[in-house]
Amino acid sequence: MTVGTATHCPYCALQCAMTLGPGPGTPDVTGRDFPTNRGGLCRKGWTSTSLLGSPERLTSPLLRGVDGELHPIGWEEALDRAVQAVRETRARHGADAVGVFGSGGLTNEKAYQLGKFARVALGTSRIDYNGRFCMSSAAAAASRSLGIDRGLPFPVADLDDAHTVMLLGSNVAETMPPFVQHLAGVRSNGGLLVVDPRRSATAELTADGAGLHLQPTPGTDLALLLGLCHVVVHEGLVDTRFVETRTTGYPALVRSIGAWWPQRVQAVTGVPAHLLRATAHRLAAGAARARSGRAGGTYILTGRGVEQHVDGTDTATAAVNLALLLGLPGTAHSGYGTLTGQGNGQGGREHGQKADQLPGYRKITDPAARAHVAAVWGVPAESLPGPGLPAVEMLMSLGRPGGVRCLFVHGSNVAVSAPDAGAVLAGLRRLDFLVVADFFLSETAALADLVLPVAQWAEEEGTMTNLEGRVLRRRRATAPPDGVRSELWLLAELARRLDAPSRFSADPEEVFAELARASAGGPADYSGIDYGLLDSGAAAHWPYPAGSTGTPRLFLDRFGHHDGRARFVPVAPAAGAEPLHHDGAVTLLTGRLLEHYQSGAQTRRVPELAAAQPEPRLELHPTTARRVGVADGQLARVASARGAAIARVRVTPAVRPDTAFLPFHFPGDGSANLVTQAATDPVSGMPEFKTSAVWITAREEAETA
C-alpha cells in the first residue's frame, strides 16, 4: 500500500470509520472522522488488524481423514468433496437435508449470495443465521407495529441534541463505546434513563444527576413497560394528536394496560412506583419539548437485554407502544429504535439469509416477491423453496431423521454462540458432513469434516449496512495469504460444480449490482445505490430507490403499513420458559465484555484483549456469594437443567442479589451457553438467553459431590 485505505471496523454495527496503513506488514489503524464515531475507536477497533497476520490463520483447506484428524488438501479436492457431500445427502434424504447457517457479520454481497446459493444451487429451504440470536425480536416488533424494520430509523447523530434518552437492556458503554459521545448532551441535562438489572457501565453513566437507573427483577421488562404506558395514559401524557392522526388500535391498547398501575408494577419488577412516574413524566417532557419546536426530544432505544427472551417480541412491542403514545416515531426530533449488534446485523437480515425472507426484506411466501426475485435470478418462481426453519429449530434438527444432515457454516461459531450449546455440539457431531468457512479454527470449525479458509475483512471489497440503515463501503487494504479465497469465489465455484441454473459472480461489485436489482421495490430497496455512489462519500440510507436520494429518517410522512399508520399491538406478560427464583436458584444473565466480541473466536486471539479478559468471570452480589459459599476469585460451578459451566467469581454490588452475570465469549467449560435455554419466542424464534435458573456452588464441592 502506498496510501491509507478508508474502511470501517469489522466488529459492531456502529461501523466506526478507520484508515488502514500505509506501510508494510500489518496495517496501522487510525480513527477516521465519521458521524457514528467521530474519529473514536474502542479497544477492539484499535487492535483489529493484529489478526491479519496471526500465526493461527488458516491458509489451506482441511479435510478430516480416516484417523479422525484434519489434514491440508488442495482447493480442487476440497470443492469436489463438498459437492460430493451435497449430492449424496440430497440423493439419500432430499434437498432440505442440506442446511446453511450464515452470519450478521458477512458483507451484504456475501449474505445475498449465500441466500441465493442455498435456494438456487442447493435447492434447500434450510437456511438461517446468527442474527436470529441478535435482532429477530426487535425486527418482528418493528415490522408488525411500524411496518418496516430498520434498527435506527434516524441518524445516530440526532441523539446529540436529545432532551431524554431511554436505553432498555443495552450496555453501550462496553458494547460500542464510541456511541457514548452521542449521550453527552442528554447526560448533562439529567435525561439518560437506563433500564438494566445490573449496574452496568452504561447504568453508571446516570450517576451524579445525569439520569436514572431502573433496576428491575430479571424477566420483568414487559411489566415495567406496561406500567410506563399506564402512567402515560392515565396521567394525561399522551400525544393525542399523533395518536389520532398517525396510529390505529389505541382503544385496545388502553384496555390492555388497565391492570398495570404503578404499585402493581412495583410489586412485580421491584422498581419503585415513584421512579416509574418520574420516568414517564421525563419521557413525556422531552416529547413535548420537541413538539413545541425546540430541537431535542425523547428517544427510546432497546437492546438485547429486553429482547433475548421468549417474550422478546412482545417486550419490544411494548416499547414501541410507549413510543407511539408519546408521539416519538416519525418525527423530526424524537424517535424509537433498536441498537443493532453485529457489524452487518442490519444488512445481513435484509437480503435472504433468514429462513422466511428474500432480498429486499421481502417475504418468501409472497408470490409477487418470489416472482420478482426469481426473474432477477433467471429461474422459475416455483423452483424457489418455501420458508425454512429458524436457527434454533434448525440446529436442534442436526443429524436427526427429517433434519439437516449436511451443514455449511459461514461466519458463525455456533458451538459457542448457540443456546443450550451442549445439545448443539451433539448435533454437530451427529451430522453426516459439516463444512465450515472461516479464517481461524474456531470451536465449530474444529468439529468440521471440511474447513475452507476465507478472507478477512481488510482483505476484501464489499458493503455493510450499519445500525442507522446507512450502506457503507468496506475496502481491501491488504492481500490475503496464499491459499485463502473469498467467500464469493467459493460460492460461485460450488454453484458451478452443482450445475446451478443461475449466474454466481465472484466480483463483489457485480454481486452488489444484482442485489440492488433484486431488492428493487422491496421494503429494503437498494436499487439506487452503487459502488460509485458509495465511493463518492454520499450518505446512503435505505430505502434508496433508483432516482431518489435515500431516506435518513423513516416514517416522517407515513409508516410502512398500507394505510400509512402505525399499529398499537396489545401485549401481556406470559409464563417464562422455566421457573425462576426457586430452590436456591438465581437468575443468570449473559452478555458482552468491553474487550471481547460474540463467541470470542477473533478477540480471544488478540493478545492485548485476551490478557485483559483471559477467562469468564461470574458476577455475584456479596450477599449471594456468602449464601452459596463462594469467595471473590474462587472458581464456581454454574449449573442449570441443561448443563454446567465453570467460571471465576467476581463479587460486586453491581448485580442484584437474585441475579448472576456471565459473559458468553468463552468456549469449553467456560461457555455460558452450556446453561442457557433453547426455548424460543413464538413470533421471532429468538432464544431465551437472558433468564436461566442456575445453581451456584464452589467448584471444589462440585468435584467431590
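Analyst: A disulfide is a pair of cysteine sulfur atoms within 2.5 Å. The model discussed here is predicted. By this rule it has zero disulfides.

User: How do you know that Cys12 is in no disulfide?

Analyst: The nearest cysteine sulfur to that of Cys12 belongs to Cys16 and is 5.7 Å away. A pair has to be within 2.5 Å. The closest cysteine sulfur to that of Cys16 is likewise in Cys12, and 5.7 Å is too far for a bond, so Cys16 does not pair with Cys12.

User: Why are Cys12 and Cys16 called buried?

Analyst: Buried means under 20% relative accessible area. Cys12 has 10%, so it counts as buried. Cys16 has 6%, so it is buried too.

User: What share of the whole chain counts as buried?

Analyst: Of the 705 residues of the protein chain, 62% count as buried. The accessible surface comes to about 23000 Å², and 52% of this surface belongs to carbon and sulfur atoms.

User: What makes the chain as compact as a globular protein of its length?

Analyst: The chain contains 25 helices and 28 strands. Its radius of gyration is 24 Å, and the globule rule gives 27 Å for 705 residues; the two values are close, so the chain is as compact as a globular protein of that length. Along the principal axes, the C-alpha trace spans about 70 × 70 × 55 Å. Among contacts with a separation of 6 or more, 73% are between residues 24 or more positions apart.

User: Which residues touch the most other members of the largest nonpolar core?

Analyst: They are Val165, Phe179 and Ile300, in a core of 154 residues. Helix H8 (residues 221-234) gives the most to this core, with 10 residues. Another core, separate from this one, has 26 residues, including Leu58, Phe101, Val424 and Leu434. In soluble globular proteins, nonpolar side chains tend to be buried together.

User: What is Ile300 in contact with, beyond its neighbours within four places in sequence?

Analyst: Its contacts include Met166, Leu168, Leu283, Ala319, Leu322, Tyr336 and Gly337. Contact here means heavy atoms within 4.5 Å.

User: What makes strand S6 mostly covered?

Analyst: Five of the five residues of S6 (residues 98-102) are buried. Val98, Val100 and Gly102 point one way, while Gly99 and Phe101 point the other way. Residues on both sides are buried.

User: How do you know that S6 pairs with S16 and with S7?

Analyst: Two strands pair if there are at least two bridges between them. S6 and strand S16 (residues 406-410) have four bridges, so they meet the rule, and they run parallel. S6 and strand S7 (residues 127-129) have three bridges, so they meet the rule as well, again parallel. Phe101 stands opposite Val409 in S16 and opposite Asp128 in S7.

User: Which way do S1 and S2, and S2 and S3, run?

Analyst: Strand S1 (residues 5-8) and strand S2 (residues 17-20) are antiparallel and joined by four bridges. S2 and strand S3 (residues 29-31) are antiparallel and joined by three bridges. Thr19 of S2 stands opposite Ala6, and in S3 its bridge partner is Thr30.

User: Why do S19 and S21 stand at the edges of their sheet?

Analyst: The sheet is open, with the order S19-S20-S21 and antiparallel pairing. S19 (462-465) and S21 (540-541) each have a single partner strand, so one side of each is left without a neighbour in the sheet. Strand S20 (residues 470-474) and S21 are joined by two bridges, and Val471 stands opposite Ala540 in S21.

Key
Residues numbered from 1 in each chain as written. Predicted model: local features only at pLDDT ≥ 70, side-chain atom pairs only at ≥ 80, totals over all residues. Heavy atoms only, no water. Core = buried A, V, L, I, M, F, W, Y, C linked by side-chain atoms within 4.5 Å. Buried < 20%, exposed > 50% of the residue type's maximum accessible area, 1.4 Å probe, protein only. Rg over C-alpha atoms; globule rule 2.2 N^0.38 Å. Areas by Shrake-Rupley, 256 points an atom, 1.4 Å probe, with all protein chains shown as cover.
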